[in-house]
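Me: I would like to go through the labels given to this model one at a time, asking in each case what value stands behind the word. Please set each value against its cut-off before concluding.

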Amino acid sequence: MSLPDLPDLPESAGPPDLPDRKETEVRRMLAGPYPLVPPDLAARAADRGRRLLAHRTRLHRLGWLLALLALAALCWLVMDRPWLPPPAHTTPPVEGW
């Protein structure tokens, strides 16, 4: 098994007579057998992308729905003012006349 010809790298700060362990490992990985790619990889990636896009779309719609509901609740609070007591339908008795 021979190592592929790679461009010369700048020398490391270590001693020049020792081989660089990282460079040797990289050369060995590049020269080794390449892993096989599954034939349905593109289809699986496209399906996953569609699922992620649908999930994100649902989350955006849910966010807009919650914002709309919050706006409706705020409008109801401003118009109805439920924190005030209900108006009296009769006048209080007059005392002290």
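Reply: A definition comes first: helices are DSSP runs of H or I with at least four residues, numbered from the N terminus. The model is predicted, and its chain has two helices and zero strands.

Me: What places D47 and R50 about one turn of the helix apart?

Reply: Both residues lie in helix 2, which covers residues 41–80, and they are three residues apart, about one turn of the helix.

Me: Why is the contact between D47 and R50 called a salt bridge?

Reply: The rule asks for a side-chain nitrogen of Lys or Arg within 4 Å of a carboxyl oxygen of Asp or Glu. The closest N and O atoms of D47 and R50 are 2.6 Å apart, and therefore the pair satisfies the 4 Å cut-off. In general, side chains of opposite charge can pair when their charged atoms come close.

Me: Which labels of exposure do the two partners receive, D47 and R50?

Reply: Exposed means over 50% relative accessible area, buried means under 20%, and partly exposed lies in between. R50 has 53% relative accessibility, so R50 counts as exposed, whereas D47, with a relative accessible area of 35%, falls in between and is therefore partly exposed.

Me: How do you know that E25 and R21 form a salt bridge, and where do they lie?

Reply: Their closest N and O atoms are 2.9 Å apart, which is within the 4 Å limit, so the pair qualifies. Both residues lie in helix 1 (residues 21–31), four residues apart, about one turn of the helix. R21 is exposed at 53% relative accessibility, while E25 is partly exposed at 30%.

Me: What makes D40 and R44 a salt bridge as well?

Reply: The N to O distance between their side chains is 3.4 Å, which is again within 4 Å, and therefore the label holds. D40 is partly exposed at 36% relative accessibility, and R44 is partly exposed at 45%. By this rule the chain has four salt bridges, among them the pair D40 and R44.

Me: How do you know that helix 2 has close to the expected span?

Reply: Helix 2 has 40 residues, and the distance from its first C-alpha to its last is 58 Å, close to the 58 Å expected at 1.5 Å a residue.

Me: What makes phi of R81 worth a remark, and where is the residue?

Reply: Phi of R81 is near 45°, a positive value in a residue other than glycine, and R81 is placed in the segment after helix 2. R81 counts as partly exposed at 45% relative accessibility.

Me: Why can L59 belong to a nonpolar surface patch?

Reply: A patch residue needs over 30% relative accessible area, and L59 has 47%, so L59 passes that threshold while counting as partly exposed. L59 lies in helix 2 and makes the patch of about 480 Å² together with L62, L65, L66 and L69.

Me: What share of the chain counts as buried, and how much accessible surface does the chain have?

Reply: Of the 97 residues, 2% count as buried, and the accessible surface comes to about 9,800 Å², with 67% of it belonging to carbon and sulfur atoms.

Technical notes: Residues numbered from 1 in each chain as written. Predicted model: local features only at pLDDT ≥ 70, side-chain atom pairs only at ≥ 80, totals over all residues. Heavy atoms only, no water. Buried < 20%, exposed > 50% of the residue type's maximum accessible area, 1.4 Å probe, protein only. Areas by Shrake-Rupley, 256 points an atom, 1.4 Å probe, with all protein chains shown as cover. Patch = residues over 30% accessible without salt bridge, like charges linked within 9 Å, V, L, I, M, F, W, Y side chains within 5 Å. Expected span 1.5 Å × (residues − 1).
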